[in-house]
Amino acid sequence: MAAVRAERCNLSRVPMPSTCKPLLALALLTALSGCGLVSTQAVYEEIRAQQKAKAVGSGTTPDNKLPPYDQYQKERSGLSPEPH
C-alpha cells in the first residue's frame with residue numbers, strides 16, 4: 001500500500017503541456033522581480049524603527065538618533081561634492 005501511495009505522489013511523471021511551461025516561467029519571474037524593489041528609504045526607515053524598538057526595551061534614549069529620511073537626504077546631498 002505504501003508503494004502505491006509513493007507512486008501517486010510522484011508528480012515528476014505527470015506530463016506538463018508545452019503552453020504551461022512558459023506561463024509558469026513568466027509567473028515565477030514576475031513574482032521574483034518584486035524582491036528587488038526595496039528602496040534605500042525603506043532600508044533606512046527599517047533601521048530607524050529597529051533603533052526605536054531597542055530604545056523602548058532598554059528604557060534609554062539613543063545618543064545618535066537617526067533623523068527622518070528627508071532630512072538625511074538633504075544632509076547627504078549637501079556633503080557630496082558638486083560635479084564640475
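**Questions on one chain**

Reader: How does Tyr69 count by its relative accessibility, as buried or exposed?
Author: This is a predicted model, in which local features need pLDDT of at least 70 and side-chain atom pairs count only at pLDDT 80 or more, while totals for chains, interfaces and linings use all residues. Residues are numbered from 1 along each chain as its sequence is written, and side-chain values use heavy atoms, with hydrogens and water left out. A residue is buried under 20% relative accessible area, exposed over 50% and partly exposed in between, judged with a 1.4 Å probe and protein chains only. Tyr69 has a relative accessibility of 11%, so it counts as buried.

Reader: How many helices does the secondary structure of the chain come to?
Author: Helices are DSSP runs of H or I with at least four residues, strands are runs of E with at least two, and both are numbered from the N terminus. Along the chain the elements run α-α-α-α. There are 0 strands, and the number of helices is 4.

Reader: How many of the 14 residues of α2 are buried?
Author: The expected span of a helix is 1.5 Å times one less than its number of residues. For helix α2 (residues 20-33) this gives 20 Å, which agrees with the 20 Å between its end C-alpha atoms. Helix α2 lies largely in the open, because the number of its residues that are buried is 0.

Reader: Which side chain meets that of Arg48 in a salt bridge?
Author: Side chains of opposite charge can pair when their charged atoms come close. A salt bridge here needs a side-chain nitrogen of Lys or Arg within 4 Å of a carboxyl oxygen of Asp or Glu, and the structure holds 1. Arg48 is buried, with a relative accessible area of 13%, and its partner lies in the same helix, α3, 3 residues apart from it, about one turn of the helix. The distance from N to O is 3.2 Å, and the partner of Arg48 is Glu45.

Reader: Which residue forms a stacked aromatic pair with Tyr44?
Author: Rings of Phe, Tyr and Trp (its six-membered ring) pair if their centres lie within 6.5 Å, and planes under 30 degrees apart count as stacked, over 60 as edge-to-face and the rest as tilted. By this rule the count comes to 3 aromatic pairs. In one of them, at 4.5 Å centre to centre and 20 degrees between the planes, Tyr44 is stacked with Tyr72. Because Tyr44 lies in helix α3 and its partner in helix α4, the pair ties together parts that are 28 residues apart in sequence, and that partner is Tyr72.

Reader: How many degrees lie between the planes of Tyr69 and Tyr72?
Author: Tyr72 is partly exposed, with a relative accessible area of 27%. Tyr69 and Tyr72 form a tilted aromatic pair at 5.9 Å centre to centre, and both lie in helix α4, 3 residues apart. Ring pairs link Tyr44, Tyr69 and Tyr72 into a cluster. For Tyr69 and Tyr72, the angle between the planes is 45 degrees.

Reader: How far apart in space are Gln73 and Gln41, C-alpha to C-alpha?
Author: Gln73 has its place in helix α4 (residues 69-79), where it is partly exposed, with a relative accessible area of 31%. Gln73 and Gln41 are 32 residues apart in sequence, and in space their C-alpha atoms are separated by 9.4 Å.
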